[in-house]
Every structure is written in structure tokens, then in C-alpha cells.
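Hi everyone, thanks for making time for this. I'll walk you through one structure this morning, so have a look at it first and then we'll go through it piece by piece.

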Amino acid sequence: MDENKETLRVGAAVRRRRRALELTLAVVAERSGLSVPFLSQVENERARPSMRSLQRVADALHTTCVELLAAADPARSVDVVRADDSEFTHEPRVRPLVRGHHQLHAMEFSGDHDVGREFQHRNDELMYVADGAVEVEAEGRAYRLGRGDTLHLTGGVRHRWRATDAETRVLIVAVADHIEAVEDDPRR
């Protein structure tokens, strides 16, 4: 089995979207022209919709096939990434800790990091210093972090960081940008 070819489970994404809109299967069935039993099978991963059926479901849920597929769960539920797994290294000092397209991103940075690059992510992010030390600038303030320290950044916070020690290892875990985890300000 080719581990890089993941089968996406779109049913969970359909269910999450339907529930977020507080719709029943009957309402989605009526809007899409598909049957309640078929939609139930899709949501429970017992049936795989054709692209045409998926488009009808997406329309009924006021979204697109692309969005549903982006939010789909991979069929693999457990995956180990070994420390020496260089197949997934994009740059010499950056290593993804999670394979594939998920709701969670995790990366390991080793050594220097470009201080000039500014980041701003849609959702929350957690930085953990495994070894060494870093300086982080966020919202106009500077933070020095050492081994074992963590920094949580709420979605939307502009920030940049740099390693201050050549032996630095930083783990960054973030909610993926395709996930709508940030609530809108109710005052708007």
C-alpha cells in the first residue's frame, strides 16, 4: 500500500458542516435531491459520493466540493513519523511532524530561522522550545523563550521569531488555516 496516497473520508466533513449549520439530514436531503439513507451512509463512511452527488451536497450546505474535500479526514487514523524520516523534509532544517492534509499542522525547526519573515495565521498556534533559545516578536512585544518554554499565539497575531542558539529546536503546532476555528466577533 502506498502510504502517500490517502483516501479521504469526506463523510466526516459533510457531517461537521451540516451540524455547524444546525441542519437535519432530512433538510439536506430535500435541498440536494438525495435520499436520507444515502446521506447517512456518506456521513458514516459506508458510501462514497460521486463528484456530482458531492456537488449537490455542497450546494445544499452552502459550500463547495473543494471546501468539503479540504476539510475531509484522511482514512489513516494513526501515523508515525520517525526522527530519521527525511522523505518529508522540505528544507534542511524544517521537518513536518504530521503527514498529509489535516486539521492540525506540526513542524520542527532546527538551527537558525529567518528573523525577517513575518507570519500571521488564521487560527491559533503553539510554539514549544525543545532545545536552545528563541526570541519572538508578537504584537509589538519581544519574548525570550528557553528550553521547555511555550508561547501561544491567538489566530490573527502578527509575529516573527529567530533562534538565538545554533542548537535550537522549536516545535510549532497550529490549527490549519482551512479550518474555521476562530469565532467571529459578536459585536460586528
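**Strands, a loop and a patch**

Let me start with one pair of residues: Val134 has Ala163 in S9 as its bridge partner. That pair belongs to a longer stretch, since strand S6, residues 133-138, is joined to S9 by five bridges, and the two run antiparallel. Before I go on, please keep in mind that this is a predicted model.

Stay with S9 for a second. Which of its residues are on the covered face, and which on the uncovered one? His159, Trp161 and Ala163 are covered, while Arg160 and Arg162 make up the uncovered face. So Ala163, the partner of Val134, sits on the covered side.

Now walk along the chain from S9, and you get to a loop that leads to strand S10, residues 169-175. Thr168 is in that loop. Is Thr168 buried or exposed? It's buried: its relative accessible area is 1%, and the cut-off for buried is under 20%. And what does Thr168 touch, if we skip the neighbours within four places in sequence? Val134 and Ala163 are both among its contacts, so our opening pair is back. The others are Phe109, Ser110, Gly111, Asp131, Gly132 and Ala133.

Next, the sheet that S10 belongs to. Five strands make an open sheet, with antiparallel pairing, and the order is S3-S4-S10-S5-S8. At the edges you have S3 (94-96) and S8 (150-153); each has a single partner strand, so one side of each has no neighbour in the sheet. On average, neighbouring strands here are turned by 20° against each other, ignoring direction. As a reminder for everyone, strands of a sheet pair through backbone hydrogen bonds.

Within that sheet, S4 and S10 pair over seven bridges, in the antiparallel sense. If you want one to click on, Met107 has Ile172 in S10 as its bridge partner.

S4 covers residues 104-110, and Leu104 is part of it. Leu104 counts as partly exposed because its relative accessibility is 42%. Together with Leu126 and Val173, Leu104 makes a nonpolar surface patch of about 210 Å².

Last, the whole chain. We've got five helices and 10 strands, and 36% of the 188 residues count as buried. The accessible surface comes to about 12,000 Å², with 48% of it belonging to carbon and sulfur atoms. And of the contacts with a separation of 6 or more, 64% are between residues 24 or more positions apart.

That's my tour, over to you.

Technical notes: Residues numbered from 1 in each chain as written. Predicted model: local features only at pLDDT ≥ 70, side-chain atom pairs only at ≥ 80, totals over all residues. Heavy atoms only, no water. Helix = DSSP H or I, 4+ residues; strand = E, 2+ residues; numbered from the N terminus. Buried < 20%, exposed > 50% of the residue type's maximum accessible area, 1.4 Å probe, protein only. Contact = heavy atoms within 4.5 Å. Areas by Shrake-Rupley, 256 points an atom, 1.4 Å probe, with all protein chains shown as cover. Patch = residues over 30% accessible without salt bridge, like charges linked within 9 Å, V, L, I, M, F, W, Y side chains within 5 Å. Salt bridge = Lys/Arg side-chain N within 4 Å of Asp/Glu carboxyl O. Pairing = 2+ DSSP bridges. Axes fitted to C-alpha atoms, helices over the stretch in contact; angles between N-to-C directions.
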